[in-house]
Amino acid sequence: MSFSNVSTDNGLTFGAATLDNWRTLLNDSSFWDSLKFTILFVIIAVTLEYFIGFGLALLLWRPIRFGGFFRVLFSIPMMLAPVAIGFMFRMIYDQSNGPVDGTLQRIGLGQPPWLAQPHWAVASVIIMDIWEWTPLLFLLLLAGLQALPEDALEAAQLDGASGFRVITSIIFPILAPISVMVVFLRMVDAFTVFGQIFLLTGGGPGTATTSTTLFAFFQGFQNFNVSYGATIALALLVIVTAIALAYLATARFLMRRIEA
Amino acid sequence: MMKRREFLERMAAMGVGAMAAGSGLTLLDPENIAFASKEHAGETLTVITQSGPPIASAVQASAAPFKRLTGASVKLITAPFGELYTKTIANFVTGGSAYDVVLGASTWLGDYNPYVVDLTSRIHKDPSIHWNDVIYQRNGQWAGRQIAMPVDGDNQLMYYRRDIMNNKSLGKDFQKKMGHPLRPPQTWDEFMNIARFFGDGKHGVRGVVEAYRHGGQAFWYYMSNCVAWCNVPGEKGGLFFNPSNLKPLVNNPGHVKGMENYAEALKYGPPGMINFDSNEVRQRFAHGEAVLGIDWDDTPIIGELQTGTKVKGKIGSALLPGTHRVWNYRTGKWQTMSKLNRPAWLAFGGWCGVISKKAHNIPLAYKYLSFVASPAFSLKMVTLENSGMNPYRLSHFNNVAAWTKAGYPEPDLGLYLAAMRKSDLDPNAVQDMRLPGAAGFQDATEVAAQKVASGQSSAKSALDDLANQWNTTNQQKGMAKQLKAYRASLNLGATK
């Protein structure tokens with residue numbers, strides 16, 4: 001489809017084979033802007049999700065009071081539908097009636113323009129994604145922690161290692177393979193973010209939060225430029241595959257160094 | 001000779017019709033009572049329109065009386081406005097038969113045209129529709145054929161708080177600060193000054209409320225800011241494309257001026273206004289949050305009739321503000337006007353109903369549209385708050401008693417009906433964009449307007465990009481075909 005010119009003027013009709021869509025894509029600043037936003041979003045959101053998830057897993061790793069309750073509580077966001085999350089955060093960020101701005105205003109911290117200014121909107125989208133997906137990383141890392149060999153930890157404690165040292169020198173390296181995997185899964189998934197942003201900001205203000213998938217949707221299904229929408233989707237597949245392969249190669253290299 | 005059974009059925013039908021007419025819910029016309037044969041019992045008609053309350057609530061209100069008349073059930077499917085075009089055109093293009101009737105925008109008819117039934121002869125044979133009473137006939141036409149049934153009339157107008165305009169103390173402060181009296185604005189300069197004066201919210205109310213949300217009908221609000229700067233009275237096509245060659249006009253100085261006003265007005269509205277859609281504009285105005293509002297005809301009726309409104313009896317209505325100079329796209333110069341240029345702007349062109357060629361029962365689908373557009377049912381809808389349907393028949397304006405009975409207070413009612421009537425009957429009224437791909441042009445405009453409003457781009461730069469996008473879309477769709485469609489939409493002949 002991306003190598004053709006599909007017309008929707010009278011049913012679906014395919015034109016002759018052409019590279020026009022790909023030429024347009026390379027010169028389309030809107031596409032590159034959407035890709036820049038998507039990559040920035042993936043890097044910041046997934047990094048923060050990993051560290052917050054790791055922190056929560058450490059907190060709930062050892063038996064504590066109400067530990068089971070908190071595990072369930074922390075897991076709820078990822079079970080909600082993206083549509084519900086988009087609407088919920090739209091209400092939360094509402095500048096006139098939302099609870100966040102109301103509270104901030106009462107304590108004299110003003111009204112952040114959550115969805116009104118480009119940088120704030122990007123931050124708002126990232127916060128929403130962190131809220132939704134940190135539980136996934138938390139659960140997988142918690143499972144990894146529970147499988148840690150107790151003897152290595154006991155030996156470190158007998159040697160008088162501090163808690164920080166135990167985390168950085170023992171827990172973190174042992175969890176490295178599972179960390180690589182969970183970050184990989186989350187990263188690939190984050191590249192396709194759509195529903196939540198569509199509902200929260202509609203890709204705006206302007207194009208500040210238009211992810212590449214959203215851009216493909218607008219082109220393919222709102223402007224009915226079906227061929228170009230398909231081209232964007234295909235380009236994203238190629239780019240995500242390349243980034244994923246580069247990530248796995250880097251991770252393998254780093255893990256070899258850790259093992260050495 | 002009429003059989004006994006047939007006679008009894010007719011009598012029963014007339015009884016139902018009389019009851020329904022008494023409740024003001026349905027047809028008063030004897031021809032339509034003939035529908036009440038229940039010959040469609042057990043059948044279901046699938047209707048899609050935008051998520052409610054506007055429009056969807058009217059479909060819901062029509063379901064019970066229509067079932068009483070025909071026996072057929074109405075199944076309503078809704079989509080948010082930003083997705084309605086996508087959903088319906090995807091169904092058409094892929095040959096689907098998911099919907100029998102689509103209540104959509106008049107501006108989309110260029111895209112719907114190949115997939116919908118020509119209603120011309122059905123309408124002309126249907127005396128119950130009282131066709132001569134319908135002002136918006138043209139908005140359901142494409143290439144000389146009536147392919148859609150108008151069920152709504154649409155103008156974008158300006159609304160103002162009468163109580164604030166008449167407040168002597170505020171008037172004194174305003175005069176001192178702005179150098180002219182506080183009054184319903186006649187020009188865009190006056191409009192912006194009022195917005196600025198109240199913009200900080202220190203008087204307990206903000207300056208202005210308009211829609212800016214991408215996918216929230218922001219295109220039409222932006223165009224409202226431009227229309228007086230771009231349209232020389234009587235000159236066709238000044239708002240969108242040059243009708244001689246289809247060159248986009250969206251980046252000319254008239255549009256730049258309109259865009260600058262639209263972007264500046266964002267500062268003077270309630271916080272977060274950049275995410276307001278048309279529904280939110282109406283609710284905010286009804287809650288007394290702004291002195292000025294721009295919207296279709298829905299804002300006042302919601303403000304006057306909705307439970308809990310804070311502005312009942314305080315709403316003035318008028319044509320959009322005007323200008324003393326207009327960008328003449330033919331001469332490429334600003335033209336000074338001898339009198340204020342205040343064009344009527346038939347934004348959106350009204351909701352209208354089309355019948356899919358793949359509809360399961362086309363005669364039943366037509367009966368439904370005939371019912372919804374009938375004088376009695378439509379009068380009931382246009383006098384209801386939040387039905388989303390606004391006057392589109394002469395009888396809607398003439399039947400003042402229906403409005404009074406619905407609870408609309410004077411003098412607001414007089415101002416409201418006069419503003420709409422003036423707009424609808426203006427021979428120089430500016431028509432909305434109607435050509436294939438209209439939804440794409442509208443979508444790109446909303447993105448550009450948000451870029452300017454949020455400070456990501458200057459007005460000129462965003463509009464230059466937009467003009468390129470519009471041009472590319474026309475090239476992809478075929479310049480000659482698009483030019484022909486655009487000229488037809490303006491009632492102009494073919495180019496030489």
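Two strands count as paired if DSSP finds at least two bridges between them, and that idea is handy for the first view of this predicted model.

**View 1. A four-stranded open sheet sits in chain B.** Read across the sheet and you meet the strands in the order β8-β9-β7-β10, with mixed pairing. At the edges are β8 (206–209) and β10 (315–318) of chain B, each of which pairs on one side only. Going from one strand to the next, the twist averages 15°.

**View 2. Zoom in on β7 and β9 of chain B, which run antiparallel.** Strand β7 (residues 157–161) and strand β9 (residues 290–295) are joined by 4 bridges. Want a spot to look for? Find B:Tyr159, which stands opposite B:Gly293 in β9(B).

**View 3. Helices α9 and α13 of chain B meet the sheet strands.** Helix α9 (residues 188–198) lies across β8 and β9 of chain B and runs at about 130° to β8(B). Helix α13 (residues 298–305) packs on the sheet too, touching β7, β9 and β10 of chain B. The direction of α13 makes about 165° with that of β10(B).

**View 4. Helix α11 of chain B is largely enclosed by the rest of the structure.** This helix covers residues 253–265, and its 13 residues reach 18 Å from first C-alpha to last, close to the 18 Å expected at 1.5 Å a residue. Why call it enclosed? Because 10 of the 13 residues of α11(B) are buried. Among them are B:His255, B:Lys257, B:Met259 and B:Tyr262. The buried residues pack against several elements of chain B, including α9, β8, α10 (218–230) and α20 (459–477).

**View 5. Here two domains of chain B touch.** The domain assignment gives domain 1 as 4–150 + 351–389, and domain 2 as 157–346 + 429–489. Their C-alpha centres lie 32 Å apart. Where they touch, 14 residues of domain 1 are in contact with 18 residues of domain 2. On the domain 1 side, the elements that give two or more residues are α4 (81–93) and α5 (109–112) of chain B. That side divides into 6 nonpolar, 6 polar and 2 charged residues.

**View 6. Now for the contact between chain A and chain B.** Chain A puts in 26 residues, and chain B puts in 26 residues. On the chain A side, helix α10 (residues 212–222) of chain A gives the most, with 3 residues. How do the residues on the chain A side divide? There are 9 nonpolar, 15 polar and 2 charged.

Notes: Residues are numbered from 1 along each chain as its sequence is written. Chains are lettered from A and ligands numbered from 1 in the order in which they are written. This is a predicted model: local features need pLDDT of at least 70, side-chain atom pairs count only at pLDDT 80 or more; totals for chains, interfaces and linings use all residues. Two residues are in contact if their C-beta atoms, placed from the backbone, lie within 7 Å. Ala, Val, Leu, Ile, Met, Phe, Trp, Tyr, Cys and Pro count as nonpolar, Asp, Glu, Lys and Arg as charged, and the others, Gly among them, as polar. Axes are lines fitted to C-alpha atoms, for helices over the stretch in contact, and angles run from 0 to 180 degrees between N-to-C directions. Domain bounds come from an automatic or database domain assignment. The expected span of a helix is 1.5 Å times one less than its number of residues. A residue is buried if 20 or more other C-beta atoms lie within 10 Å of its own, exposed if 12 or fewer, and partly exposed in between; C-beta atoms are placed from the backbone.
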